[in-house]
Amino acid sequence: MARTRTPGRGGRTGSPLTPYLFLAPYLALFVAFVAFPAVYGLWISLHDWDYMMSSQRFLGLQNYTDLLDPASVVFRDFWNGMGNTLLFTVVSVPFLLVLPLLLALLLQQKFPGRTFFRAMFFAPYVLGVAVIGLMWRYLLDGNFGLVNAYLGTDISWTTSQPWAWVSLVGVTVWWTLGFNAVIFLAGLGDIPTEHYEAAALDGAGWWASFVHVTLPGLRPVMIFVVVITVLASANMFGQSYLITQGGPSQSTQTAIMVITDLGLSRYQMGAAAAQSYLLALFLAVVSIANFWLMRDKDAAEQAKALRAQRRRGGGADGHTPGSSDPQVPATPASLGTVR
Amino acid sequence: MRRAARNPLLWVVLTLLSVVFVGPIAAMLLTSLKPTAEAQSADPGLLPGEITFRAYEVLFTSADNPVLRWFLNSMLAATAHALLVVLTASLAGYALARMDFPGKNLMFGVIISTMFVPGFIFLMPNFLTLDRLGWLDTLAAIVVPGAAGAFGVFFMRQFFLSLPKEFEESARIDGAGPFTTFFRIMLPNATPALVTLLVLSFLANWNDFIWPLYVLFNDARLTLPIGLSKLQGAYTIDYPVIMAGAVIASLPVLLLYVFVQRYVIDGVATSGVKG
């Protein structure tokens with residue numbers, strides 16, 4: 001295979017500037033709306049910033065210290081929002097991992113119509129939060145909602161606790177379960193059949209092969225799903241905004257609702273920016289912890305496999321995990337490094 | 001591949017689940033065709049006893065709620081956004097996949113790492129940027145900032161990595177420059193990836209809620225999701241009208257989904273596995 005790399009210079013690949021010309025349109029957007037605001041936001045958070053005013057008073061870290069001071073005006077709302085967001089995340093994430101995985105295991109089997117069923121389960125996800133919010137606001141209506149009519153209950157799903165949380169978690173699971181299931185399904189498809197055959201030869205039953213083949217094989221995909229599901233749950237906004245309006249008595253007001261209300265409705269942007277960075281810091285810690293917890297074992301296992309391979313005088317397939325062939329698309333194993 | 005399942009229980013379970021997943025969507029559609037009194041009776045059935053298009057008439061003739069205008073705004077914004085993403089992401093993804101230049105790995109690393117940065121930290125600073133650009137309350141506010149997301153670049157780079165090098169080699173022999181090669185040879189060969197990215201970007205923009213909620217103000221400028229949330233306030237006691245609004249917002253994406261379902265699902269699957 002002659003896969004010679006032509007350097008940017010010389011030849012007819014164009015000038016050394018060519019790659020930058022290709023990148024320029026995207027980079028302009030990236031700098032303006034991602035890189036610059038990431039820093040600018042920090043700057044804003046150090047001020048008493050109201051964009052309606054002509055000058056912004058510098059406060060130093062006061063917007064941050066206010067968040068830790070129970071006597072400040074922002075304290076109660078912020079931590080109420082953080083607590084609610086934490087509650088929602090802790091309750092919804094397990095459902096959004098276990099149920100999609102079970103569904104993926106069902107759909108992984110070969111049977112006529114599996115594409116059709118996959119499409120059915122994914123359907124809610126293509127609808128926007130505005131649509132599903134309004135739809136469920138009606139279905140969950142305490143007086144004439146279909147949910148009460150079908151269950152034969154008389155529950156105020158959106159205006160009393162714990163039912164408001166049950167509703168929000170339920171709607172979110174219904175809405176996004178198909179998304180995670182599709183990712184799990186792709187991950188299941190990438191587990192080599194030989195691993196299952198080897199397990200079967202060893203006399204492993206369904207449960208044993210699930211625990212010893214499926215789960216370890218899914219680990220990289222699982223890391224990805226855990227991280228994005230936690231991030232998505234912590235970002236919850238529209239469901240609460242539309243279905244419970246943050247109620248009853250602010251008990252379902254999420255952190256993002258608190259931040260946007262403060263920063264974009266009341267224009268106290270400095271304080272709101274500080275809150276958004278503190279929340280982002282929490283999420284970064286959680287994400288890194290997730291990667292670290294799940295990646296550690298992965299690396300250990302890879303090292304073990306490598307050692308075993310070396311003992312066998314391996315590398316027979318010519319594809320060691322370390323090979324840096326640029327033609328090979330990132331596989332699940334490289335997830336940890338690509339991120 | 002597993003053996004073909006012969007267990008009828010599997011079908012029963014999957015069919016029941018399908019009802020759970022699609023039933024609410026059907027209920028939304030059916031409710032929009034009911035008279036208000038029927039939808040809001042103590043014991044509403046699923047099927048309308050009497051079919052009426054009154055809810056749609058109310059919506060399309062309401063002066064306060066220009067639903068048709070919202071629909072057009074959303075259509076324009078989502079289309080422009082999707083085209084912008086596909087163009088900028090394929091150019092950048094191609095350079096990152098197939099060209100060598102100093103700083104490439106660092107640049108790719110920085111861009112990709114932002115996929116895990118929560119979007120809400122950009123709300124305040126980007127609002128101020130739009131204010132300075134004079135873009136608040138315009139469609140540009142909906143079209144442009146979201147196109148800076150890293151997913152498209154990542155997605156297109158992965159696809160271009162999978163194409164054989166021979167494409168460029170034969171183009172070079174024919175004397176084609178890098179831009180001719182890209183637009184005449186690489187892009188046409190990337191059609192499946194381009195369609196997937198186009199559809200995913202369209203869906204994301206059509207459904208976007210939090211950003212347009214805060215950067216659009218005038219009734220005539222709103223996108224459909226934001227207009228709908230306003231409807232909820234205006235027709236609190238008329239569910240068929242609100243459901244009709246939700247149906248109007250769902251139809252384009254559901255139709256798109258029916259026709260390009262495979263692209264959507266494959267795109268999502270790829271994001272995880274190759275992520």
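**Exercise 1. Establish what confidence the predictor assigns to chain A, and where the pLDDT is below 50.**

Solution. Begin with the chain as a whole: in this predicted model, chain A has a mean pLDDT of 85, with 84% of its residues at 70 or more. Next, turn to the start of the chain, where residues 1-12 have a pLDDT below 50, although this stretch makes 16 contacts in the model beyond near neighbours in sequence. Then consider residues 314-339 of chain A, for which the pLDDT is likewise below 50, and which make 31 contacts beyond near neighbours in sequence. Finally, apply the general caution that predicted coordinates should not be read in detail where pLDDT is low.

**Exercise 2. Determine how far helix H9 of chain A departs from a straight helix, and at which residue it bends.**

Solution. Start from the expectation for a straight helix of 29 residues, which at 1.5 Å a residue would span 42 Å. Set against this the span in the model, where H9 (residues 206-234) of chain A covers only 35 Å between its end C-alpha atoms. Now locate the bend: H9(A) turns by about 60° at A:Arg219, and a proline, A:Pro220, follows within four residues.

**Exercise 3. Describe the fold of chain B from its secondary structure, dimensions, burial and contacts.**

Solution. Count the elements first: chain B has 14 helices and zero strands. Take the extent next, for which the C-alpha atoms fill a box of roughly 70 × 65 × 35 Å along the principal axes. As for burial, 47% of the 275 residues in chain B are buried. Lastly, among the contacts in chain B that join residues at least 6 apart in sequence, 75% link residues at least 24 apart.

**Exercise 4. Characterise the side of chain A that touches chain B.**

Solution. First establish the extent of the pairing, in which 90 residues of chain A are in contact with 86 residues of chain B. Then ask which element gives the most to the chain A side, and the answer is helix H1 (residues 18-45), with 16 residues. By residue class, this side of chain A comprises 65 nonpolar, 17 polar and eight charged residues.

**Exercise 5. Identify the residues that touch the most other members of the largest nonpolar core, and trace the contacts of B:Ala246.**

Solution. Within this core of 160 residues, A:Val182 and B:Ala246 touch the most other members. Helix H14 (residues 239-273) of chain B supplies the largest share of the core, 16 residues. Leaving aside neighbours within four places in sequence, B:Ala246 is in contact with A:Val131, A:Leu134 and A:Met135 from chain A, and with B:Met28 and B:Leu228 from chain B.

Notes: Residues are numbered from 1 along each chain as its sequence is written. Chains are lettered from A and ligands numbered from 1 in the order in which they are written. This is a predicted model: local features need pLDDT of at least 70, side-chain atom pairs count only at pLDDT 80 or more; totals for chains, interfaces and linings use all residues. A nonpolar core is a set of buried Ala, Val, Leu, Ile, Met, Phe, Trp, Tyr and Cys residues joined through C-beta atoms within 7 Å. A residue is buried if 20 or more other C-beta atoms lie within 10 Å of its own, exposed if 12 or fewer, and partly exposed in between; C-beta atoms are placed from the backbone. Helices (H or I, at least four residues) and strands (E, at least two) are DSSP runs, numbered from the N terminus. Two residues are in contact if their C-beta atoms, placed from the backbone, lie within 7 Å. Ala, Val, Leu, Ile, Met, Phe, Trp, Tyr, Cys and Pro count as nonpolar, Asp, Glu, Lys and Arg as charged, and the others, Gly among them, as polar. pLDDT is the predictor's confidence in each residue, from 0 to 100. The expected span of a helix is 1.5 Å times one less than its number of residues.
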